[in-house]
Amino acid sequence: MALNRHDIEALAAHLEAAQLEARDVTKITADFPQMDWADAYDIQDEIRRRKEARGRRVVGLKAGLTSFAKMKQMGVDSPCFGFVTDDMARPDGGEIRMDELIHPKVEAEICLVTKAALRGPGCHVGTVMAAIDFVLPAVEVIDSRYRDFKFDLKSVIADNTSAARFVIGGRARDVEDLDLRTLGVVLEKNGRIVSMAAGAAVLGHPAAAVAMMANHLGARGQEIPAGTFIMTGGVTEAIAVEAGDHVLVRFQDLGSVSMRFA
């Protein structure tokens, strides 16, 4: 840990204000180059504490930068982890306001809900599969607070992995009825297909992202509780959206998720 508590609290307030006020900032490692990985997650944890102190509820965990396409797009080689809160949720088929966001992008997500707690170290895909209660489709709207998308992985982690909005749709399915690796996803924008992928794009298997999350949290003395909603990371690359756009994502065996941007 390279930063002191004062710096961590100040950076958390700085980044959360940027999110709430929908304004961009420069990457924080430019001013704090000594910041390490523990500092980045400590800043994220402080953002979570601030939200909970104001009455917001954490309703799920999320993995970011887990698809090989997204890693290549962002120029990174490892995933990161964050959380989503109740005020980020929007209804399937509903409206998402652009004036509350900076430069949003959408990505399709295969989501899992656990029936047993998961904790590292030593968590693996098999452990995760045994702990899954059911599977859901969703679309995450990410919105990096960094100007012109100029950031590094530590800055992204501190910024709660660009979490902004999410939409759950489709229908819940038992994991035994699905092949998560080959589950196909088609993302359409304004009636045109802009991306196609399968679950294996997420680290070879969506459950692998959850295992990595459990091991990461275990190293920080935390766990994934039973009943946790987990967004396993974008299957596709992130697609930019503008006011007036309509997004529809079709998930094999899980139904569809849609939204419009106004």
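Two residues are in contact when heavy atoms of theirs lie within 4.5 Å. Keep that in mind as you load this predicted model and show the whole chain: among contacts between residues at least 6 apart in sequence, 77% join residues at least 24 apart.

**Stop one: the whole chain.** Colour by secondary structure and you will find six helices and 13 strands. Turn the view along the principal axes, and the C-alpha atoms fill a box of roughly 50 × 45 × 35 Å. A compact globule of 262 residues would have a radius of gyration near 18 Å, and the chain has 17 Å, so the two agree. Now switch on a surface: the accessible area comes to about 10600 Å², with 50% of that belonging to carbon and sulfur atoms. Buried residues account for 53% of the 262 in the chain.

**Stop two: helix H1.** Select residues 5-21 next. Its 17 residues, at 1.5 Å a residue, should span 24 Å, and the end C-alpha atoms are 24 Å apart, which agrees.

Zoom in on the start of H1, where a side-chain oxygen of Asn-4 comes to within 3.1 Å of the backbone nitrogen of His-6. Then travel to the other end: just after H1, Ala-22 has a positive phi of about 50°.

**Stop three: what H1 hides.** Show side chains for Asp-7, Ile-8, Leu-11, Ala-12, Leu-15, Glu-16, Ala-17, Ala-18 and Gln-19, which are buried residues of H1. What covers them? Add helix H2 (37-53) and helix H5 (153-158) to your selection; both are included in that cover.

Definitions and conventions: Residues numbered from 1 in each chain as written. Predicted model: local features only at pLDDT ≥ 70, side-chain atom pairs only at ≥ 80, totals over all residues. Heavy atoms only, no water. Helix = DSSP H or I, 4+ residues; strand = E, 2+ residues; numbered from the N terminus. Expected span 1.5 Å × (residues − 1). Buried < 20%, exposed > 50% of the residue type's maximum accessible area, 1.4 Å probe, protein only. Polar contact = N/O pair within 3.5 Å; in protein donor to acceptor, adjacent residues only side chain to side chain. Rg over C-alpha atoms; globule rule 2.2 N^0.38 Å. Areas by Shrake-Rupley, 256 points an atom, 1.4 Å probe, with all protein chains shown as cover.
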